[in-house]
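The following paragraphs lead the reader through one structure, step by step. Please keep the sequence and the model in view while reading.

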Number of protein chains: 2
Amino acid sequence: MTSTPTLDAPRSATKTPPARTWTIAELAREYNVTPRAIRFYEDEGLLFPTRAGMSRIYSQGDRWRLGWVLRGKRLGFSLAEIKELLDLYHADRSGVQQLRAIVRKSREHVGELETKLRDLRAQIAEFREVEGHAVQMLRDKGVDPESE
Amino acid sequence: MTSTPTLDAPRSATKTPPARTWTIAELAREYNVTPRAIRFYEDEGLLFPTRAGMSRIYSQGDRWRLGWVLRGKRLGFSLAEIKELLDLYHADRSGVQQLRAIVRKSREHVGELETKLRDLRAQIAEFREVEGHAVQMLRDKGVDPESE
DNA sequence: TATAACGTTTACGTAAACGTCAATGCGACC
DNA sequence: GGTCGCATTGACGTTTACGTAAACGTTATA
């Protein structure tokens, strides 16, 4: 875990904090996924942790990227789409053509997301209504809908 | 919501209203999916069109269900989950236990949907910012971000 | 009447996203 | 120094959601 007390960072000289890292198992627990899935995401080019010997070491940035990937999954995107979006997010911004591409793709994606937003609002409304009906029917039967 | 026998169309004749139906190819075109997919959804218990000879005939209700299925897919649900939700939507409401189950599952699902909603808002905000930055950088370079 | 344009079933193929071994390495502890 | 415990890399298996092709029936039109 926190390995051998060999030479520590010269805290008095440098202002950089210890820079926490994580093992694959720690991240897996935290995000409730398997190590296998995390390695798979790396194979797919979504993560690129450093190594300590053979073991993978995850930085704050890798951790953030993993969270981002999982959020994308919850929203129904494929790993390929998520990769494109992450790459876009960290894309080269040096040239005009690159910037134009970023603008175009961002707008495209926001459009998609807004469609999902409408779908989502509609489903939420529908299921609130379903719930409301059921609750009312329970009341009509003289049953408290909140009791076990 | 029953009869309002005012100055509506004369219902004097014996016939019921036309009741439009659709073929599988028509629905496939309309919803931009393949007939194969529509048949697959039927195999999975998501649709149950009637038949005219061997051919499938889709009612207004089937059409609605198909749209519902596709919306669920866009929101990242599996066909199994969608089936559960659709079944819930049309579930037996006769008994107290059934009604309780409906209330519980509806609330569960709304909770899931609200998580997605937060995820979605966050992603929209992020990509609007990505776009905004790129647009600003183009302006800084003296380029009109809107021109081709 | 033939053939195109749809529809059907059956069956095998496939891409995505992992799960599940198996064999192995490696530092930690007893 | 043996055994945990966690890490690694293959490699094959599995589930989901269809795609694709073959073989065939049914209606419309030339």
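The model is a predicted one, and a convenient place to enter it is helix 2 of chain A, which spans residues 35-43. Four residues of this helix are buried: Ala37(A), Ile38(A), Tyr41(A) and Glu42(A). Around the axis they cover an arc of only 145 degrees, and they therefore lie on the same side of helix 2 of chain A. The other side of the helix carries Arg36(A) and Asp43(A), both of which are exposed.

The helix may now be placed within its chain. Chain A contains five helices and two strands. Read from the N terminus, its elements follow the order α-α-β-β-α-α-α. Chain A has 148 residues, of which 36% are buried.

The next subject is DNA strand C. Which element gives the most residues to the surface near DNA strand C? The answer is helix 2 of chain A, with four residues. At least two residues each are supplied by helix 2 of chain A and, from chain B, by helix 1 (24-31) and strand 2 (55-57). In total, 16 residues surround DNA strand C. The closest of them come from both chains: Thr34(A), Tyr41(A) and Leu79(A) on one hand, Arg39(B) and Arg56(B) on the other. Tyr41(A) has already been met as one of the buried residues of helix 2 of chain A; burial is assessed here on the protein chains only.

By class, the surface near DNA strand C consists of seven nonpolar, four polar and five charged residues. On the DNA side, sugar or phosphate accounts for 73% of the atoms of DNA strand C that lie within 4 Å of the protein, and bases account for the rest. Several contacts to phosphate oxygens of DNA strand C can be located in chain B. A polar side-chain atom of Arg39(B) is 2.5 Å from a phosphate oxygen of this strand. The side chain of Arg51(B) places an N or O atom 3.3 Å from a phosphate oxygen of DNA strand C. In Ala25(B), it is a backbone N or O atom that lies 3.4 Å from such an oxygen.

DNA strand D can be examined in the same manner. It is surrounded by 16 residues, and the closest are Arg39(A), Arg56(A), Thr34(B), Tyr41(B) and Leu79(B). Of its atoms within 4 Å of the protein, 72% belong to sugar or phosphate, while the remainder belong to bases. A phosphate oxygen of DNA strand D is 2.5 Å from an N or O atom in the side chain of Arg39(A). For the side chain of Lys73(B) the corresponding distance is 2.9 Å, and for that of Thr23(A) it is 3.5 Å. Two or more residues of the surface near DNA strand D come from each of helix 1 (24-31) and strand 2 (55-57) of chain A and helix 2 (35-43) of chain B. Helix 2 of chain B provides the largest share, four residues. The classes on this surface are seven nonpolar, four polar and five charged residues.

The aromatic residues form the last part of this account. A pair of aromatic rings is described by the distance of the centres and the angle of the planes. Over all chains, the structure holds ten aromatic pairs. One of them joins Trp64(B) and Tyr89(B), a tilted pair with 5.7 Å from centre to centre and 35 degrees between the planes. Its members stand 25 residues apart, Trp64(B) in helix 3 (residues 60-74) and Tyr89(B) in helix 4 (residues 79-89) of chain B, and the pair thus links distant parts of the chain. Trp64(B) counts as partly exposed because its relative accessibility is 36%.

Tyr89(B) also pairs with Trp68(B): their ring centres are 6.2 Å apart and their planes stand at 50 degrees, so this pair is tilted. Since Trp68(B) lies in helix 3 and Tyr89(B) in helix 4 of chain B, the pair ties together parts that are 21 residues apart in sequence. Trp68(B) has a relative accessibility of 3% and therefore counts as buried.

A further aromatic group involves both chains: Trp64(A), Trp68(A), Tyr89(A) and Phe127(B) form one cluster. Charged side chains also lie over rings. Lys116(A) is positioned over the face of Phe77(A), 4.6 Å from the ring centre. In chain B, the charged end of Arg63(B) sits over the ring of Trp22(B), at 4.6 Å from its centre.

Technical notes
Residues are numbered from 1 along each chain as its sequence is written. Chains are lettered from A and ligands numbered from 1 in the order in which they are written. This is a predicted model: local features need pLDDT of at least 70, side-chain atom pairs count only at pLDDT 80 or more; totals for chains, interfaces and linings use all residues. Side-chain values use heavy atoms; hydrogens and water are left out. Rings of Phe, Tyr and Trp (its six-membered ring) pair if their centres lie within 6.5 Å; planes under 30 degrees apart count as stacked, over 60 as edge-to-face and the rest as tilted. Buried means under 20% relative accessible area, exposed over 50%, partly exposed in between (1.4 Å probe, protein chains only). A charge sits over a ring if NZ of Lys or CZ of Arg is within 6 Å of the ring centre and within 35 degrees of the ring normal. A residue is near a molecule or strand if one of its heavy atoms lies within 4 Å of it. A polar contact is a pair of N or O atoms within 3.5 Å; within protein, one must be able to donate a hydrogen and the other to accept it, and residues adjacent in sequence count only if both atoms are side-chain atoms. Ala, Val, Leu, Ile, Met, Phe, Trp, Tyr, Cys and Pro count as nonpolar, Asp, Glu, Lys and Arg as charged, and the others, Gly among them, as polar. The arc is that of the directions from the helix axis to the C-beta atoms.
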